[in-house]
Amino acid sequence: QVQLVESGGGLVQAGGSLRLSCAASGRTFNMISMGWFRQAPGKEREIVAAIAWTGGSSYYGDSVKGRFILSRDNAKNTVYLQMNSLKSEDTAVYYCAAKSTRNYEYDYWGQGTQVTVSS
């Protein structure tokens, strides 16, 4: 099992920045990658960004490319999502998720953290 705890959400004005953190614990040695997803009211959940647990591979959704930056601190088992130039359409509940060798799917999820961008 892997446990994930997000932090760092909140209210910010458009154009501002926030940094989300996702701390992993448990069987982290089985992890392959960590991803950030978001879900806005009335919309489907979408992947925002993902990063390999080892190595430098990363992915960004088109809507956040050039604005959001992923980083990873393996010593702390923590992934960070730096969100810059925030827009009102970034408002959503953000979830971090872990993919492991158990199922090769994102099957461990955090509780979610609300990000609200006011225009």
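A residue is counted as partly exposed when its relative accessible area falls between the limits for buried, under 20%, and exposed, over 50%. In the predicted model described here, Asp107 counts as partly exposed because its relative accessibility is 21%. Asp107 forms a salt bridge with Arg102, in which the closest N and O atoms are 3.2 Å apart. Arg102 is likewise placed in the partly exposed class, since its relative accessible area is 46%.

The pair formed by Arg102 and Asp107 belongs to a wider set of charged contacts, for a search of the whole structure finds five salt bridges. Another of these contacts joins the side chains of Asp62 and Lys65, with an N to O distance of 3.2 Å; Asp62 is exposed, and Lys65 is exposed as well. A further salt bridge brings together the side chains of Asp90 and Arg67, with 2.7 Å from N to O. Because Asp90 lies in the loop between S8 and S9, whereas Arg67 lies in the loop between strand S6 (58-60) and S7, this pair ties together parts that are 23 residues apart in sequence. Asp90 is buried, and Arg67 is buried too. The contact between Asp90 and Arg67 does not stand alone, as these two residues are linked with Arg38 and Glu46 in a network of salt bridges.

Backbone geometry was also examined in the loops that flank strand S8. Asn77, found in the loop between strand S7 (68-73) and strand S8 (78-83), has a positive phi of about 50 degrees although it is not a glycine. With a relative accessible area of 21%, Asn77 is partly exposed. On the other side of strand S8, Ser85 is found in the loop between S8 and strand S9 (92-100), and its phi, near 50 degrees, is again a positive value in a residue other than glycine. Ser85 is partly exposed, its relative accessible area being 41%.

The loop between S8 and S9 therefore holds both Ser85 and Asp90, the latter being the residue through which this loop is tied to the loop between S6 and S7. Within that loop, Ser85 is partly exposed, whereas Asp90 is buried and takes part in the network that also includes Arg38, Glu46 and Arg67.

Conventions. Residues are numbered from 1 along each chain as its sequence is written. This is a predicted model: local features need pLDDT of at least 70, side-chain atom pairs count only at pLDDT 80 or more; totals for chains, interfaces and linings use all residues. Side-chain values use heavy atoms; hydrogens and water are left out. Helices (H or I, at least four residues) and strands (E, at least two) are DSSP runs, numbered from the N terminus. Buried means under 20% relative accessible area, exposed over 50%, partly exposed in between (1.4 Å probe, protein chains only). A salt bridge is a side-chain nitrogen of Lys or Arg within 4 Å of a carboxyl oxygen of Asp or Glu.
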